[in-house]
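Thanks for coming. I will go through one chain today, starting with the overall layout and then taking a few residues in turn.

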Amino acid sequence: MESSTIESSENQADDQTRWGEVISRKRTMRALLGVEGISFVLAAIIHAGMLVQGYAHREAMIAESVIGAVLLVGVTITWIRPHVTFSIAVVVQGFALLVSLIGAWTIIVGVGPRTVPDIVYHGIIIVVLIVGLGVAWRARGTESE
C-alpha cells in the first residue's frame, strides 16, 4: 500500500514539474512574440521617418507595420486562448518569416532599402524568427498538458 502511495506522489510531482515547464515555455514564447512584434513596429516607425531621419521608405513601413500587428495580435490571442499558444506562435512567426524573407529579397535585388541598419536588422530578425518558429513547432504537442 505504501509503495502505491509513494508512486502516486511521485507521479503528481512529475505532472506538476511538466506543467510548470509548459507554463514557463508559454511565458517565454509570449515574450519572444512581444519582442518580435515591437521590433517590427519600431522598424515601421523608423521607415515612416518619425524616429530617425533619412530612413523613410513607405513600402517597408507598410510591410513592417503589418508584420508587427500580426505578431502582437498573436500575443494577445495566446492570452485569450492559452491552450493554442504554440500553434498561434507557429502561424504568426511563419507569416513574419515569409514576409521578412520577401523583404530580404527586395534588399538583394535593389528594390527595398539597402542601408546597413536594414541589412543587419533583416539578418538578425530572420534568425530570431527561425529559432522562435522551431521552438514553437517542437512545443506544439505540449499545449494540452
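How many helices and how many strands are there in the chain? There are four helices and zero strands, and along the sequence the pattern reads α-α-α-α. Please keep in mind that this is a predicted model.

Some totals for the chain. It has 145 residues, and 34% of them count as buried. The exposed area comes to about 8,700 Å², with 68% of that supplied by carbon and sulfur atoms. As for contacts, take those between residues at least 6 apart in sequence: 74% of them join residues at least 24 apart.

Now the interior. The largest nonpolar core has 21 residues. Which of them touch the most other members? They are Met-29, Leu-33, Phe-40, Ile-67, Leu-71 and Leu-129. Four elements give two or more residues each to this core: α1, α2 (58-80), α3 (85-109) and α4 (116-139). The largest share is from α3, with nine residues.

Met-29 is one of the core residues I just named. Setting aside residues up to four places away in sequence, Met-29 touches Thr-85, Phe-86, Ala-89 and Gln-93, and also Gly-132, Val-135 and Ala-136.

Next, two serines. Ser-100 sits in helix α3. Is Ser-100 buried or exposed? Its relative accessible area is 2%, so Ser-100 is buried. Its side chain reaches the backbone oxygen of Ala-96 at 2.8 Å. Beyond residues up to four places away in sequence, Ser-100 touches Phe-40, Ile-67, His-122, Ile-125, Ile-126 and Leu-129. Among these, Phe-40, Ile-67 and Leu-129 were on the list of core residues that touch the most other members.

The other serine is Ser-39, in helix α1, which covers residues 2-47. Why does Ser-39 count as buried? Its relative accessibility is 19%, and the cut-off for buried is under 20%, so Ser-39 falls on the buried side. What does the side chain of Ser-39 reach? A polar atom of that side chain lies 2.8 Å from the backbone oxygen of Glu-36. The side chain also makes a polar contact, at 2.9 Å, with the side chain of Tyr-121. Leaving out neighbours within four places in sequence, Ser-39 is in contact with Tyr-121 and Ile-125. Ile-125 is also touched by Ser-100.

Phe-95 is another residue of helix α3. With a relative accessible area of 32%, Phe-95 is partly exposed. Which residues does Phe-95 touch, not counting those up to four places away in sequence? The answer is Val-66, Ile-67 and Val-70. Phe-95 and Leu-129 are 34 residues apart in sequence, and their C-alpha atoms are 9.7 Å apart in space.

On to the surface. Ile-38, Leu-42, Leu-51 and Val-52 make a nonpolar patch of about 340 Å². Where is Leu-51? Leu-51 is in the loop between α1 and α2, and at 53% relative accessibility it counts as exposed. Leu-42, by contrast, belongs to helix α1. Its relative accessible area is 41%, so Leu-42 is partly exposed. Leu-42 and Gly-68 are 26 residues apart along the chain, with 8.7 Å between their C-alpha atoms.

Two residues of helix α2 remain. The one I take up here is Arg-58, which is found in α2 and counts as exposed, at 57% relative accessibility. From Arg-58 to Ala-48 is 10 residues in sequence and 6.5 Å in space, C-alpha to C-alpha. Val-73 is in helix α2 as well. Is Val-73 exposed or partly exposed? Val-73 is partly exposed, because its relative accessible area is 48%, and exposed would need over 50%. Val-73 and Gly-34 are 39 residues apart in sequence, and their C-alpha atoms are 9.5 Å apart.

To recap: the chain has four helices and zero strands. Its largest nonpolar core takes two or more residues from each of α1, α2, α3 and α4, with α3 giving nine. Ser-39 is buried and makes a side-chain polar contact with Tyr-121. The nonpolar patch includes Leu-42 and Leu-51. That is what I have for today.

Methods:
Residues are numbered from 1 along each chain as its sequence is written. This is a predicted model: local features need pLDDT of at least 70, side-chain atom pairs count only at pLDDT 80 or more; totals for chains, interfaces and linings use all residues. Side-chain values use heavy atoms; hydrogens and water are left out. Buried means under 20% relative accessible area, exposed over 50%, partly exposed in between (1.4 Å probe, protein chains only). A polar contact is a pair of N or O atoms within 3.5 Å; within protein, one must be able to donate a hydrogen and the other to accept it, and residues adjacent in sequence count only if both atoms are side-chain atoms. Contact means heavy atoms within 4.5 Å. Accessible areas come from the Shrake-Rupley method with a 1.4 Å probe; for residues, only the protein chains shown count as cover. A nonpolar core is a set of buried Ala, Val, Leu, Ile, Met, Phe, Trp, Tyr and Cys residues joined through side-chain atoms within 4.5 Å. Patches are made of residues with over 30% relative accessible area and no salt bridge: like charges are joined within 9 Å, nonpolar side chains (Val, Leu, Ile, Met, Phe, Trp, Tyr) within 5 Å. A salt bridge is a side-chain nitrogen of Lys or Arg within 4 Å of a carboxyl oxygen of Asp or Glu.
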